[in-house]
Amino acid sequence: MNLASQGERTQSDGLFTLEKPVWFQRSGKVNPVWLSICEEERNQTTNLLESIAHPLNLQKAYKQVKKNKGSEGIDGMTIEELGIWLKAHILTLESELLSGSYQPQTVRGVEIPKAKGGKRLLGIPTVKDRLVQQAISQVLQPIYDPKFSENSFGFRPKRSAHQALSRACKFVKSGKTRTVDLDLAKFFDEVNHQRLLWLLSRRVGDNRLLTLIAKILNTGILLDGMTSRRLKGTPQGSPLSPLLSNIVLDELDQELERRGLNFVRYADDLQIFVGSLASAERVMPSIIRFIEERMKLKVNRDKSGIRKCYEVNFLGHSLLYGGKLGLSKASEERIREKVKKITQRNRGISFDQLLNELKTALQGWLIYFRQAQLKSKIEKMDGWIRRRLRCFKLKQCKRAIGIVRFLLKLGVEKTLCWRTALSGKGWWRLSASPAATVGMNNFWLIKQGYYSLKENYPKLYRSTI
């Protein structure tokens, strides 16, 4: 059976030539051509641990860990203390890694709320373990990344969410307006250790490295004072988890490519693009079977489904007909909730501090969503935010005489000032009064430091295609 019939692709990554056949044959058996290529790769990766444990690689890993910041693990060592420790013990750490005596410490578990409800478990390794994991990732990433699918964008160098969105828009523009939206249930918690180690062993010939990764995977996690052993999963928060997750999900990418499907994957967020409802109904159940039976992962059927492109929430965006991006309802609700929290009237902060906090939030949000069609939504949101700012400022004046004095300084007519100050209406109603809107007009708010969405959106907007 020749490679061409197996859907092969050839490229070079500087280490060896990549002939990339699909992993599985139509019969469901592992492709022998793929296994043969993997054997060649294993023969060339028998001494990876020497590269990982090399002092130069460890120093480079420390710089990255320092750049990433983060809190300490269960031993209490900070990143600054790690730098001092590494200078004195770098050769000892190298020796422990090469001899196999290095033992990862228990991971500190932290639960954080999800945007859509529920909690997400983060694992915070000690800074020494983060250093080792980063050192492993730095050596494995250049080997694995060139082999990953062109439709995979998450946790990869020189790839971004905007590139994933651009690819999705191209599929929609070509007429693929139905999507199979698949949600992998608690993906990072469900990764099968045995299958992951099998996948690694196909291409990595250094058994010492495989043993070290197995130790990292099996490290216990401390949560609420109790340590539990991990039998599956790669906790979020580990420097190695992003690469391992892509290695696991690359199996799914190869299957989708074997079937000739158009898809975009960003981490565990997967969208498959098809041209009709019938095609979507045919694809969805078979892909779910592959994920659950072959990959030993779970699909959240409540959150998964067949959708029209504009109903999708992909990386915070909706996909509009014609290959344009819109803002998903969930993203709009999230930014509104964030603005509400920042502009709460009972916050004991200065107006300047509030504007600085608001600018940080709005600027980051607008930069991320700069490719979306937002003009009408931006205008409404901008007006709503300005009204909340006026409301906050009026309440800061406290008494009627304070409101009058403040509005007079802004050039508002005296009678209008007193009419507003003595009104029995609530703060929100007063924020829309003529005195408030004339005195605290758009120009005045921008002069105070308000980051106007309406003013800045045209400067940032970039078409996706």
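In what sense do β8 and β9 pair, and over how many bridges? They pair in the antiparallel sense, over five bridges. I begin with this pair, and I should say at once that the model before us is predicted.

Within this strand pair, phenylalanine 263 has isoleucine 272 of β9 as its bridge partner. The two strands form a hairpin with two residues between them. In that turn, alanine 267 has a positive phi of about 55 degrees.

The hairpin belongs to an open sheet of four strands, arranged in the order β8-β9-β5-β10 with antiparallel pairing. Why is one side of β8 and of β10 left without a neighbour in the sheet? β8, residues 262-266, and β10, residues 305-308, stand at the edges and each has a single partner strand, so one side of each lacks a neighbour. From one strand to the next, the twist averages 25 degrees.

Let me turn to β5 and β9. Strand β5, residues 178-183, and strand β9, residues 269-274, are joined in the antiparallel sense over six bridges. Here valine 180 stands opposite isoleucine 272 in β9.

Two helices pack on this sheet, and I take them in turn. α10 touches β8 and β9, and its direction makes about 170 degrees with that of β8. Helix α11, residues 277-294, touches β5, β9 and β10. The direction of α11 makes about 20 degrees with that of β5.

I now come to the pockets. The largest pocket holds about 1,500 Å³ of space. It is lined by 42 residues, and the closest to its centre are Lys114, Arg120, Asp183, Asp268 and Lys303. Which elements each supply at least two residues of this lining? They are β4 (119-124), β5, α7 (187-190) and β9. Two strands of the sheet, β5 and β9, are thus among the contributors to this pocket. By class, the lining has 15 nonpolar, nine polar and 18 charged residues.

The second largest pocket holds about 480 Å³. Of its 21 lining residues, Gln64, Val65, Asn68, Gln134 and Pro239 lie nearest the centre. α3 (55-68), β4 and α5 each supply at least two residues of the lining, and α5 gives the most, with six residues. The classes here are six nonpolar, 12 polar and three charged residues.

Next, the enclosed spaces. There are four cavities of 30 Å³ or more in the structure, and the largest has a volume of about 110 Å³. Of the 16 residues that line this largest cavity, Gln133, Ile216, Arg230, Pro235 and Ser238 are the closest to its centre. At least two lining residues come from each of α5 (127-144), α9 (207-218) and α10 (241-258). α10, which packs on the sheet, therefore also appears in the lining of the largest cavity, in the sense that residues with an atom within 4 Å of a grid point are counted. The lining divides into eight nonpolar, six polar and two charged residues.

I close with a pair of helices. Helix α13, residues 351-368, and helix α20, residues 453-460, pack at an angle of about 35 degrees, with their axes 10 Å apart. Is their crossing left-handed or right-handed? The crossing of α13 and α20 is right-handed. Leu362, Trp365, Leu366 and Ile367 of α13 make the contact with Leu453, Asn456, Tyr457 and Leu460 of α20. By class, this contact has seven nonpolar residues, one polar and no charged.

Methods: Residues numbered from 1 in each chain as written. Predicted model: local features only at pLDDT ≥ 70, side-chain atom pairs only at ≥ 80, totals over all residues. Heavy atoms only, no water. 1 Å grid on protein atoms, 1.4 Å probe; cavity = no way out; pocket = protein on both sides within 12 Å on 5 of 7 lines; lining within 4 Å. Points joined across faces, edges and corners; volume = space filled by probe spheres on them. Nonpolar A, V, L, I, M, F, W, Y, C, P; charged D, E, K, R; others polar. Pairing = 2+ DSSP bridges. Axes fitted to C-alpha atoms, helices over the stretch in contact; angles between N-to-C directions. Contact = heavy atoms within 4.5 Å. Left-handed = near helix turned anticlockwise from the far one by under 90°.
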